[in-house]
2 protein chains.
Amino acid sequence: MPRLLVLLLLSTLASHARDLGRPHGLVIHGGAGVIARSTMTPEREAEYRARLAEALNAGYAVLERGGASLEAVTAAINVMEDSPLFNAGKGAVFNADGICELDASIMDGRTQAAGAVAGVHHIKNPINLARDVMLKSPHVMMVGDGAEKFARGLSYELVPNEYFQTDWRREQLKKAQAKEKDGKERTAAIPDDYFTRTLRWGTVGCVALDQAGNLAAGTSTGGMTNKKFGRVGDAPIIGAGTYANNATCAVSATGWGEFFIRVGVARDIAAQMEYKGTALRDAAAATIAKVGRLGGDGGVIALDAAGNYTFEFNSPGMYRAARLSNQPSVVAIYGDEATR
Amino acid sequence: MPRLLVLLLLSTLASHARDLGRPHGLVIHGGAGVIARSTMTPEREAEYRARLAEALNAGYAVLERGGASLEAVTAAINVMEDSPLFNAGKGAVFNADGICELDASIMDGRTQAAGAVAGVHHIKNPINLARDVMLKSPHVMMVGDGAEKFARGLSYELVPNEYFQTDWRREQLKKAQAKEKDGKERTAAIPDDYFTRTLRWGTVGCVALDQAGNLAAGTSTGGMTNKKFGRVGDAPIIGAGTYANNATCAVSATGWGEFFIRVGVARDIAAQMEYKGTALRDAAAATIAKVGRLGGDGGVIALDAAGNYTFEFNSPGMYRAARLSNQPSVVAIYGDEATR
């Protein structure tokens, strides 16, 4: 059986080579929240899975050719920003004034450089502007018109707000506003369930590890449907929605942003690894449990420099996917889907 | 010597009573940076010391009558916001458009509730609005016009931007802009020394511990002179400029905001206590060392639930003061002033 021996040898060599190569890859999310099979058509579900796979592959292609994790994060997030399916870029939710208002942030695990934008209305890919705030300005965070002025200085083409607007998100706004008028004026500290538990999901994010061993994380969102008063959630807050440090991990969060800011979710996961030596998955689980104890929900994706990753969420579902060089790929939506 | 005995007895009783009462008190800062004796007149120095003492006493009075640490934080910060000496409220620095643009945040150590505003132009006491975002909205952070719309809904009296503007800050803007024109256009990632090391200081903050054992922290600022593009620093970022948790500590930061966001300064100090059991002072020193290694400067005030506090800064000076029920009070400016 020399043929079998050869095959065995080749397979062993191939697996050995794969093990010897530095693990690299990325993990993405397209938001966490109430995602029930009962409200999803097979066509829509297939669309989500296809778009998640496309984003995953766009990022992976960057890493496979030796590109930087920062570039992979941007490439993967751009696919989701450009898709009307997710609450980021095109297809973002509407705020109370009936327009789309976008936030994003990015962080470089090698240098802890970071960039963020909040409340922009005309930037096609907010994650790119966050990256340019990091790379081309002395600042970390820019908000509103100022951020767009900075973009114009870099020759960004500004898009009309209509570019982001989709009918189904407009419908969500109408429903939210009707519900609000219907005696449920959101003056209490706790917003109603409809508002908070079904309309938030869709924030997108990515964490990546490149062949040089560098981690990066990014998050992009349209925030909450019917949001008022220039509300900013956790997505553009470094340490809350986004964090990356080669020494610990890269994290992107999605969920009820107010709770994620208060807990400082992304940094809290890294801090447990840094100061207590906790493993990635245990740290992420402990932090999401902390969010849950305060009354919040949502989830994170997290990846460490050894290529370990985790999806952790306390919501019924999370659009999520991972492709690592040393592990089988996965694309999942519902909470009960096996991802290992 | 019965008289001496009586005195001794009284003194012992008094000291015993003081030790038995739960420690309470507050620590404040009025900004860190280059504060040289050579550039300070005795009159100006006396003014600073008087205003710091006034802020300290305003907060202490709240605590002494059994008031909440959140209220003490607000009271102390209001005094500094209302004084033209500090870069917060009246006397804030000018942005590149020649107006004052204010940020603030506050956090409740008992509940981890938090509130923040950024980029407001007409709110006399931004820390009060941050508190109301925390207490009277479902959100944590509001920016720009939206935040002011929220304030109008709460019947805040909006002040004209001229209220905040002072001649010496206008002079600083002119100098910064002249320097910028003078071939030092700040397009590089690292701003020039003049801009970053001498014009930033003045952010104000307070951490307080009340008789019920609850910690709170707050920070208020005008940001950086000549800031552009809707730049937001660390002051309104929960976990960076402000953090409070009864289980660990309350922190308010001041310094080169970009570095403080990247390190997540306030939360990093608390995280060392939470996950490694580090003592307050050691944790604060380690975090400021981290900021220094990245190239940033500034400082923090931090206070734990046992009434231990620390001033930690790597800048030449920091306007600072503390008054605790179980320790002597202190008001200091220069780095070489003993504060213990």
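User: Two strands pair if DSSP finds at least two bridges between them. With that settled, how many bridges join strand 2 to strand 3 in chain B?

Analyst: Five, and the two strands run antiparallel. Keep in mind that this is a predicted model. Strand 2 of chain B covers residues 102-108, and strand 3 of chain B covers residues 114-120.

User: Which residue is the bridge partner of M107(B) there?

Analyst: A114(B), in strand 3 of chain B.

User: And what sits between those strands?

Analyst: They form a hairpin with five residues between the strands. One residue of that hairpin, Q112(B), has a positive phi near 60°.

User: Is strand 3 of chain B mostly covered or mostly open?

Analyst: Mostly covered, with seven of its seven residues buried. Strand 3 of chain B also pairs with strand 4 of chain B, through three bridges, and that pair runs parallel. In that pairing A116(B) stands opposite M141(B).

User: Does anything from chain A come in here? What pairs with strand 4 of chain B across the chains?

Analyst: Strand 7 of chain A does, in the antiparallel sense and over two bridges. R231(A) has M142(B) as its bridge partner. Strand 4 of chain B therefore has a partner in each chain, since DSSP finds at least two bridges in each case.

User: Next topic: helix 4 of chain B. How many of its residues are buried?

Analyst: Eight of its 11, so the helix, residues 126-136, is mostly covered, buried being under 20% relative accessible area. Among the buried ones are P126(B), I127(B), L129(B), V133(B) and M134(B). N128(B) and D132(B) are buried as well.

User: What covers them?

Analyst: The cover includes strand 2, strand 3 and strand 4 of chain B, along with helix 3, helix 5 and strand 6 of chain B.

User: Now the interface. How many residues of each chain are in contact with the other?

Analyst: 45 residues of chain A are in contact with 45 residues of chain B. The buried area is about 3700 Å², and carbon and sulfur atoms give 61% of that. F229(A), R262(A) and Y275(A) supply 21% of what chain A buries against chain B, more than any other three residues.

User: How many polar contacts and salt bridges are there between the two chains?

Analyst: There are six salt bridges between chain A and chain B. One of them joins K149(A) to D97(B), with the closest N and O atoms 3.8 Å apart. The count of residue pairs in polar contact is 20, both residues being at pLDDT 80 or more.

User: Which element of chain A gives the most to that side?

Analyst: Several elements of chain A supply at least two residues each, including helix 5, strand 7, helix 8 and helix 10. Helix 9 of chain A gives the most, with seven residues. By class, the side of chain A that touches chain B has 24 nonpolar, eight polar and 13 charged residues.

User: Back to salt bridges. What does E274(A) meet?

Analyst: K290(B), at 2.8 Å from N to O. The pair crosses between chains, from helix 9 of chain A to helix 10 of chain B. E274(A) is partly exposed at 32% relative accessibility, whereas K290(B) is buried at 19%.

User: Which residue does K290(A) pair with?

Analyst: D268(A), with the closest N and O atoms 3.1 Å apart. K290(A) is in helix 10 of chain A and D268(A) in helix 9 of chain A, so the salt bridge ties together parts 22 residues apart in sequence. Both partners are buried: K290(A) has a relative accessible area of 19%, and D268(A) is at 0%.

User: How far apart in sequence are K174(B) and E171(B)?

Analyst: Three residues, about one turn of helix 6 of chain B, where both lie. Residues three or four places apart in an α-helix point the same way, because such a helix has 3.6 residues a turn. Their side chains meet in a salt bridge at 3.8 Å, N to O.

User: Which residues do shared partners join into one network?

Analyst: R267(A), E274(A), D268(B) and K290(B).

User: Last one: how many helices and strands does chain A have?

Analyst: 10 helices and 13 strands. Of its 340 residues, 63% count as buried.

Key
Residues are numbered from 1 along each chain as its sequence is written. Chains are lettered from A and ligands numbered from 1 in the order in which they are written. This is a predicted model: local features need pLDDT of at least 70, side-chain atom pairs count only at pLDDT 80 or more; totals for chains, interfaces and linings use all residues. Side-chain values use heavy atoms; hydrogens and water are left out. Contact means heavy atoms within 4.5 Å. Buried area is the accessible area (1.4 Å probe) that two parts lose on being put together, summed over both. A salt bridge is a side-chain nitrogen of Lys or Arg within 4 Å of a carboxyl oxygen of Asp or Glu. A polar contact is a pair of N or O atoms within 3.5 Å; within protein, one must be able to donate a hydrogen and the other to accept it, and residues adjacent in sequence count only if both atoms are side-chain atoms. Helices (H or I, at least four residues) and strands (E, at least two) are DSSP runs, numbered from the N terminus. Ala, Val, Leu, Ile, Met, Phe, Trp, Tyr, Cys and Pro count as nonpolar, Asp, Glu, Lys and Arg as charged, and the others, Gly among them, as polar. Buried means under 20% relative accessible area, exposed over 50%, partly exposed in between (1.4 Å probe, protein chains only).
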